[in-house]
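Biologist: I'd like a close look at one small loop, and then a walk outwards from there to the parts around it. Please start with the residue you'd pick out and keep it simple, as I'm new to reading structures.

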Amino acid sequence: MDKTVTFALAKGRLAEKSAELLQKCGIDCANILEPTRKLVLTDASGKYKFIFVKPSDVPIYVERGVADIGVVGKDTLMEDGADVYELADLGFAKCRLAVAGYPGFDLTDRTGLKVATKYGNIARRYFESKGQNVEIITLHGSIELGPIVGLSDVILDIVESGKTLKENGLTVLEEICDVSARLIVNKVSLKTKAQDIKPLVEKIFSALE
């Protein structure tokens with residue numbers, strides 16, 4: 001059996017924060033913190049492998065067992081509903097899921113509300129829970145443009161500082177929930193590689209304290 005523990009990490013800032021955490025757990029992540037175009041890296045011991053993927057793909061790699069462990073935003077988990085174990089809130093990459101639009105827009109007095117978002121499942125569930133019918137308009141970039149050009153009434157997106165909204169004349173109308181990076185594990189790997197994964201997870205818990 002392959003004893004290598006494989007991590008799926010989102011490229012960029014999330015991978016850097018993950019590497020800093022894993023360094024505290026005794027894993028040499030120096031090569032992760034160096035600029036590189038490589039998509040697969042291995043630590044010096046050869047015990048840990050890291051694959052770098054788009055943030056939205058992390059749960060897919062973990063669910064299907066290509067990776068044993070992943071670090072992903074709670075927003076992605078909520079949207080995709082991947083069949084994985086969510087073991088810890090890592091406390092970084094903090095932001096909020098929110099509905100935003102022009103100041104004073106009345107969300108309650110609408111039928112057939114048009115919502116621009118890349119989180120179609122979250123948006124549908126959220127507005128259904130409020131008893132509202134909405135039209136989901138799927139966008140993958142510059143979500144804020146929706147209300148500005150009349151494509152949508154509002155947007156549903158992650159908000160960090162709110163600066164981009166403000167610069168485009170928009171504001172948060174309703175907050176849905178806080179999100180942050182989460183540690184996820186493949187269900188089979190947690191059993192078959194328990195002697196390697198469980199001690200590591202315990203070290204991660206200790207590093208978070």
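Modeller: Let's start with Ala93, which has a relative accessibility of 31% and so counts as partly exposed, since buried means under 20% and exposed means over 50%. Bear in mind that this is a predicted model. Ala93 sits in the loop between strand E5 (85-89) and strand E6 (95-101). What makes me stop there is the backbone: phi of Ala93 is near 55°, a positive value in a residue that isn't glycine. Most residues other than glycine have a negative phi. Ser142 is another non-glycine residue with a positive phi, about 50°. You'll find Ser142 in the loop between strand E8 (134-138) and helix H6. Ser142 has a relative accessible area of 52%, so it is exposed.

Now back to the two strands on either side of the Ala93 loop. On the E5 side, look at Glu86, which makes a salt bridge with Lys74, with 2.9 Å between the closest N and O atoms. That pair joins distant parts of the chain, as Glu86 is in strand E5 and Lys74 is in helix H4, twelve residues apart. Neither partner is hidden away: Glu86 is partly exposed at 35% relative accessibility, and Lys74 is partly exposed with 22%. The pair also belongs to something wider, a network of salt bridges that links Lys74, Glu86, Asp89 and Arg182.

The loop leading from H4 into E5 has its own link. Asp83 meets Lys187 in a salt bridge of 2.5 Å, N to O. Asp83 lies in that loop between H4 and E5, while Lys187 lies in the loop between strand E11 (181-185) and H8, 104 residues apart. Lys187 is partly exposed, with a relative accessible area of 31%, and Asp83 is partly exposed as well, with 44%.

On the E6 side, Arg96 forms a salt bridge with Glu175, and their closest N and O atoms are 2.5 Å apart. Arg96 is in strand E6 and Glu175 is in strand E10 (residues 171-179), so this pair ties together parts that are 79 residues apart in sequence. Glu175 counts as partly exposed, at 47% relative accessibility. If you're keeping a tally for the whole chain, the count comes to nine salt bridges.

Next, the empty spaces. Rolling a probe the size of a water molecule over the atoms shows where empty space is left. Helix H4, the home of Lys74, is a handy way in, because H4 (74-80) is among the elements that each supply at least two residues to the lining of the largest pocket, along with helix H1 (13-24), strand E9 (154-159) and helix H7 (163-167). That pocket holds about 960 Å³ of space. It is lined by 33 residues, and the closest to its centre are Pro55, Asp75, Lys118, Tyr119 and Ile158. Sort the lining by class and you get twelve nonpolar, eight polar and 13 charged residues.

The second largest pocket has a volume of about 200 Å³. Among its 13 lining residues, Gly12, Ile32, Glu34, Thr36 and Phe52 are the closest to the centre. H1 turns up again here, since H1 and helix H2 (30-33) are the elements that give two or more residues to this lining.

H1 also has a part in a closed space. One cavity of 30 Å³ or more is counted, with about 30 Å³ of space in it. Its lining is made of Phe7, Ser18, Leu21, Leu22, Val71, Leu90, Leu183 and Ile204. The largest share of that lining, three residues, comes from H1. By class, the cavity lining has seven nonpolar residues, one polar and no charged ones.

Finally, the outside. Tyr102, Leu145, Ile148, Val149 and Leu151 make a nonpolar surface patch of about 420 Å². Leu151 sits in the loop between helix H6 (145-148) and E9, and it is partly exposed at 37% relative accessibility. Stepping right back, the chain has nine helices and eleven strands, and its C-alpha trace spans about 60 × 30 × 30 Å along the principal axes. Of its 209 residues, 46% are buried.

Note on methods:
Residues numbered from 1 in each chain as written. Predicted model: local features only at pLDDT ≥ 70, side-chain atom pairs only at ≥ 80, totals over all residues. Heavy atoms only, no water. 1 Å grid on protein atoms, 1.4 Å probe; cavity = no way out; pocket = protein on both sides within 12 Å on 5 of 7 lines; lining within 4 Å. Points joined across faces, edges and corners; volume = space filled by probe spheres on them. Helix = DSSP H or I, 4+ residues; strand = E, 2+ residues; numbered from the N terminus. Nonpolar A, V, L, I, M, F, W, Y, C, P; charged D, E, K, R; others polar. Patch = residues over 30% accessible without salt bridge, like charges linked within 9 Å, V, L, I, M, F, W, Y side chains within 5 Å. Areas by Shrake-Rupley, 256 points an atom, 1.4 Å probe, with all protein chains shown as cover. Salt bridge = Lys/Arg side-chain N within 4 Å of Asp/Glu carboxyl O. Buried < 20%, exposed > 50% of the residue type's maximum accessible area, 1.4 Å probe, protein only.
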